[in-house]
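Me: I have a chain on screen and some questions about it. Can we go through them in turn, with short answers?

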Amino acid sequence: MTATTGSGMGGGGAVDPDERIPYRGEQPYGVSDDLVVLGALDIDASDERLWVSQARDVTFRPLLLSVSQGYFVNILRVRRSGILSRHRHAGPVHALTLRGRWHYLEHDWWAEEGGYSFEPPGDIHTLEVPDGVEEMTTLFHVTGAYI
């Protein structure tokens, strides 16, 4: 295998640095602006004012709330063990566990630090943080309604 330079967008060949010219045309109608949240995963240095209280020892930090596209991205932080909620999602959910561990009572898998989880639309589940976990922090990308 040989390394090449390029955009990673296909083509497979080397790109002459003089050909790296940004697109200057108009973007398609309705395209949203980019959003960059620097240090989003640096949870310990995060400003506590950015966290929204959901319940005792349960907070979340919204990163993106898109009403027009029907999804949100947030970081859930739980500083207690126990049941959070039984719920269902109308659309798919992607989760990246940043700290601690958690699971759904209805499934035999565990979400652990550094792991990725996918939840299919319509699945009904009950989130639990087990005893002995001081803090569970997970980034969620949720599409559709949270029921």
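Me: Which residues form a nonpolar patch on the surface?
Reply: This is a predicted model. The patch has about 310 Å² of accessible area, taking its members together. One member, Phe118, lies in strand E8. The residues are Leu96, Tyr116 and Phe118.

Me: Is Phe118 buried, partly exposed or exposed?
Reply: Phe118 has a relative accessible area of 43%. Buried would need under 20%, and exposed over 50%. The value sits in between, so Phe118 is partly exposed.

Me: In what order do the six strands of the open sheet run?
Reply: The pairing in this sheet is antiparallel. Its edge strands are E1 (52–55) and E8 (116–119), and each pairs on one side only. From one strand to the next, the twist averages 25°. The order is E1-E2-E3-E10-E5-E8.

Me: How many bridges pair strand E5 with E8?
Reply: Strand E5 covers residues 93–99. Within this pair, Ala95 stands opposite Ser117 in E8. E5 and E8 pair in the antiparallel sense, and the number of bridges is four.

Me: How many bridges join E5 to strand E10?
Reply: Strand E10 spans residues 136–143, and E5 and E10 run antiparallel. His94 stands opposite His141 in E10. The number of bridges joining E5 to E10 is six.

Me: Is Thr97 buried or exposed?
Reply: Thr97 lies in strand E5. Beyond its neighbours within four places in sequence, Thr97 is in contact with residues including Trp102, Ala111, Gly114 and Thr137. The cut-off for buried is under 20% relative accessible area. Thr97 has 1%, so Thr97 is buried.

Me: What is the separation between the C-alpha atoms of Tyr71 and Tyr116?
Reply: Tyr71 is found in strand E3 (residues 71–78). Along the chain, Tyr71 and Tyr116 are 45 residues apart. Their C-alpha atoms are separated by 18 Å.

Me: Which residues does Tyr71 touch, not counting those up to four places away in sequence?
Reply: Tyr71 is partly exposed, with a relative accessible area of 23%. Contact here means heavy atoms within 4.5 Å. By that test, Tyr71 touches Leu64, Leu65, Ser66, His141, Val142 and Thr143.

Me: How many salt bridges does the structure hold?
Reply: One of the salt bridges is between the side chains of Asp44 and Arg99. Another is formed by Arg86 with Glu106. The structure holds eight.

Me: Which distant parts of the chain does the pair Asp44 and Arg99 link?
Reply: The side chains of Asp44 and Arg99 meet in a salt bridge at 3.1 Å, N to O. The two residues are 55 residues apart along the chain. Asp44 sits in the segment before E1, and Arg99 sits in strand E5.

Me: Asp44 or Arg99: which counts as exposed?
Reply: Exposed needs over 50% relative accessible area. Arg99 is at 24%, so Arg99 counts as partly exposed. Asp44 is at 62%, so the exposed partner is Asp44.

Me: How far apart are the closest N and O atoms of Arg86 and Glu106?
Reply: Arg86 is in strand E4 (residues 82–88), and Glu106 is in the loop between strand E6 (101–104) and strand E7 (110–112). Arg86 is exposed, with a relative accessible area of 59%. Glu106 counts as partly exposed at 37%. Their closest N and O atoms are 3.9 Å apart.

Me: Which strands hold Glu112 and Arg101?
Reply: The side chains of Glu112 and Arg101 meet in a salt bridge at 3.1 Å, N to O. Glu112 is partly exposed, with a relative accessible area of 40%. Arg101 counts as partly exposed at 28%. Glu112 is in strand E7, and Arg101 is in strand E6.

Note on methods:
Residues are numbered from 1 along each chain as its sequence is written. This is a predicted model: local features need pLDDT of at least 70, side-chain atom pairs count only at pLDDT 80 or more; totals for chains, interfaces and linings use all residues. Side-chain values use heavy atoms; hydrogens and water are left out. Two strands pair if DSSP finds at least two bridges between them. Axes are lines fitted to C-alpha atoms, for helices over the stretch in contact, and angles run from 0 to 180 degrees between N-to-C directions. Buried means under 20% relative accessible area, exposed over 50%, partly exposed in between (1.4 Å probe, protein chains only). A salt bridge is a side-chain nitrogen of Lys or Arg within 4 Å of a carboxyl oxygen of Asp or Glu. Patches are made of residues with over 30% relative accessible area and no salt bridge: like charges are joined within 9 Å, nonpolar side chains (Val, Leu, Ile, Met, Phe, Trp, Tyr) within 5 Å. Accessible areas come from the Shrake-Rupley method with a 1.4 Å probe; for residues, only the protein chains shown count as cover.
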